[in-house]
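Colleague: I am new to this structure and would like to know what stands behind the labels. Please take me through them one at a time.

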Amino acid sequence: MYIKELMQIISGELLTDKIPDLSVKVQNVYICDLLSWVMSHAQKGDAWITVLTNVNVPAVALMTEVACVIIPEAIKAEELTLKKANENGIIIIGTQLNSFEISRRIIDSKLLS
């Protein structure tokens with residue numbers, strides 16, 4: 001599945017304004033809010049779902065090479081976080097859905113390889 005498809009499936013809104021490449025392939029989904037755990041377990045190409053919105057999120061996303069970050073439940077991202085994400089080409093997507101609903105929609109879509 002590609003980020004463009006993912007955004008449609010989860011009714012996502014792009015929160016970052018610099019769009020590096022919405023044709024980036026999403027390989028899997030990873031859900032976690034403990035940054036040190038994400039750094040050691042998230043995989044390149046994952047769509048990372050987290051309720052965290054602090055400035056460390058783009059740094060961890062860059063380090064782990066996740067395809068994108070998804071912020072659930074209409075949580076507002078911090079301005080500095082979005083600025084750092086834009087500077088580093090990190091895609092951050094917001095959605096009204098909770099983590100379970102996001103995962104269920106992705107699984108139901110059968111678009112993950």
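Modeller: Buried means a relative accessible area under 20%. The model is a predicted one, and the values are computed from it.

Colleague: Why is Thr 50 called buried?

Modeller: Its relative accessibility is 1%. The cut-off is under 20%, so Thr 50 counts as buried.

Colleague: Where does Thr 50 lie?

Modeller: Thr 50 is in the loop that runs between strand S3 (46-49) and helix H3 (56-64).

Colleague: Which residues does Thr 50 touch, leaving aside those up to four places away in sequence?

Modeller: Thr 50 touches Cys 32, Asp 33, Val 69, Ile 70, Ile 71 and Pro 72.

Colleague: What makes the approach of the Thr 50 side chain to the backbone nitrogen of Leu 52 a polar contact?

Modeller: The distance is 3.0 Å. A polar contact needs N or O atoms within 3.5 Å, so the pair of Thr 50 and Leu 52 meets that limit. A polar atom of the Thr 50 side chain also lies 3.5 Å from the backbone oxygen of Cys 32.

Colleague: How many disulfides does the structure hold?

Modeller: The structure holds zero disulfides.

Colleague: How do you know that Cys 32 has no bond to Cys 68, and why?

Modeller: The closest cysteine sulfur to that of Cys 32 is in Cys 68, 16 Å away. A disulfide needs the sulfur atoms within 2.5 Å, so this pair is too far for a bond. Cys 68 is likewise in no disulfide, with the sulfur of Cys 32 as its nearest.

Colleague: Are Cys 32 and Cys 68 buried or exposed?

Modeller: Cys 32 has 13% relative accessibility and Cys 68 has a relative accessible area of 1%. With the limit at under 20%, Cys 32 is therefore buried, and Cys 68 is buried too.

Colleague: What makes Lys 25 a charge over the ring of Tyr 2?

Modeller: The charged end of Lys 25 is 5.1 Å from the ring centre of Tyr 2. The distance limit is within 6 Å, and Lys 25 sits over the ring.

Definitions and conventions. Residues are numbered from 1 along each chain as its sequence is written. This is a predicted model: local features need pLDDT of at least 70, side-chain atom pairs count only at pLDDT 80 or more; totals for chains, interfaces and linings use all residues. Side-chain values use heavy atoms; hydrogens and water are left out. Buried means under 20% relative accessible area, exposed over 50%, partly exposed in between (1.4 Å probe, protein chains only). Helices (H or I, at least four residues) and strands (E, at least two) are DSSP runs, numbered from the N terminus. Contact means heavy atoms within 4.5 Å. A polar contact is a pair of N or O atoms within 3.5 Å; within protein, one must be able to donate a hydrogen and the other to accept it, and residues adjacent in sequence count only if both atoms are side-chain atoms. A charge sits over a ring if NZ of Lys or CZ of Arg is within 6 Å of the ring centre and within 35 degrees of the ring normal.
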